[in-house]
Amino acid sequence: MRKFTDPILAWYETHARDLPWRSPDATPWGVLVSEIMLQQTPVVRVLPVWHAWLERWPAPADLAAEPSGEAVRAWGRLGYPRRALRLHAAAQAIVERHGGEVPDSHADLLDLPGIGSYTAAAVASFAFRQRHAVLDTNVRRVLARMIDGVEFPPKSQTRAEVATAETLLPVDPPTAARWSVAIMELGALVCTARSPRCVDCPVLDRCEWQARGRPAYDGPPRRGQTYAGTDRQCRGRLLAVLRDAHGPVAKPALDVVWSDAVQRERALDGLIADGLVDPVADGLYALPS
DNA sequence: AATCCGTGGCA
DNA sequence: TTGCCAAGGAT
């Protein structure tokens, strides 16, 4: 397997981006925050929010002491604001269960709100230099191409993918951790979803997809997630009003951002049910306290 | 297992 | 212009 790992590890040494959560100064909390923010959100959009977040809340206890609505507001326009709520809940859980220190075990990380198998493996690897198979969208794509010779991985993660990732994982934990970030970086910078830069690939001569002539994806069609007109867009607009306001907002200020009353009420109810909005009084709404 | 959940940049 | 996609998780 070193025929794959060695060239990618060497490539990473010279091509890795200088991201703040990879700095030796980064704390486990900083790594955890970055991983939550990076879920489905590009690095360039995360960077400024991450800096502001860590400056304001340098430790889990700092965030845990704040109302959850402050986390939602500081989240800004990163998207999927339930992540902010879960990060706040995770901070509280870290204080209550782990004395305010981010736990270093995969199982304890997995028990935290908003942390699934990927994020638990990522934090254990990147913050604590442990050995875990880290399977994100980048890694899955690299493995699909390099090993299986197909352009894209299956829709949902398979056992075979996990087995492949574990087979490639170097034995030495610190080396495994570096490998995990290296193959992710390769997927992010070179083995990209669209227009991969194969000429810059350190394992081009070992890539099965390349050997087959880079055949186009022929699996089941991707479902296009139309956004315009959805509840998600409506929720986004409603929450933006509350985020940009200083205090509680009266109902009419929410009504103006979406014309379909039925959908608007459904979206608002959903936000309340999710804990993202607090109906503080008759006709008044605010971010949760 | 399939859906839902934001947002913005880009080819 | 618009579909695609970006370090997923919860239900």
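In the predicted model, the buried residues of α2 are Trp 29, Gly 30, Val 31, Leu 32, Val 33, Ser 34, Glu 35, Ile 36 and Met 37. Helix α2 is thus mostly covered, with nine of its 10 residues buried. The elements that cover these buried residues include α3, α4, α5, α6 and α8.

Three residues of α2, namely Trp 29, Leu 32 and Met 37, are listed together with Trp 53 and Leu 87 as having the most contacts inside the largest nonpolar core, a set of 51 residues. At least two residues of this core are supplied by each of α2 (28-37), α3 (43-56), α4 (60-64), α5 (68-75), α6 (82-98), α8 (117-126), α13 (231-244) and α15 (261-274). The greatest contribution is that of α6, which provides seven residues. Both domain 1 (27-126) and domain 2 (231-286) take part in the core, each with at least three residues.

The surroundings of Trp 53 illustrate the packing within this region. When residues up to four places away in sequence are disregarded, Trp 53 is in contact with Trp 29, Val 33, Met 37, Leu 63, Ala 71, Ala 74, Trp 75 and Leu 87. Another core, of 28 residues, lies apart from the largest one; among its members are Trp 179, Met 184, Leu 186 and Val 190.

The contacts with nucleic acid were examined next. DNA strand C is surrounded by 28 residues, of which Glu 35, Leu 38, Gly 116, Thr 119 and Asn 138 are the closest. Glu 35 also appears among the buried residues of α2. By class, the surface near DNA strand C comprises 10 nonpolar, 10 polar and eight charged residues. On the side of the nucleic acid, sugar or phosphate accounts for 63% of the strand C atoms within 4 Å of the protein, and bases account for the rest.

Individual polar contacts involve both backbone and side-chain atoms of the protein. A polar backbone atom of Gln 40 is placed 2.8 Å from a phosphate oxygen of DNA strand C. The side chain of Asn 138 likewise has an N or O atom 2.7 Å from a phosphate oxygen of the strand. For Asp 136, a polar side-chain atom is found 2.9 Å from a sugar or linking oxygen of DNA strand C. Two or more residues of the surface near this strand come from each of α6, α8, α9 (137-148) and α11 (173-189). Of these elements, α6 and α8 also supply residues to the largest nonpolar core and belong to the elements that cover the buried residues of α2.

Terms used. Residues are numbered from 1 along each chain as its sequence is written. Chains are lettered from A and ligands numbered from 1 in the order in which they are written. This is a predicted model: local features need pLDDT of at least 70, side-chain atom pairs count only at pLDDT 80 or more; totals for chains, interfaces and linings use all residues. Side-chain values use heavy atoms; hydrogens and water are left out. A nonpolar core is a set of buried Ala, Val, Leu, Ile, Met, Phe, Trp, Tyr and Cys residues joined through side-chain atoms within 4.5 Å. Buried means under 20% relative accessible area, exposed over 50%, partly exposed in between (1.4 Å probe, protein chains only). Helices (H or I, at least four residues) and strands (E, at least two) are DSSP runs, numbered from the N terminus. Domain bounds come from an automatic or database domain assignment. Contact means heavy atoms within 4.5 Å. A residue is near a molecule or strand if one of its heavy atoms lies within 4 Å of it. A polar contact is a pair of N or O atoms within 3.5 Å; within protein, one must be able to donate a hydrogen and the other to accept it, and residues adjacent in sequence count only if both atoms are side-chain atoms. Ala, Val, Leu, Ile, Met, Phe, Trp, Tyr, Cys and Pro count as nonpolar, Asp, Glu, Lys and Arg as charged, and the others, Gly among them, as polar.
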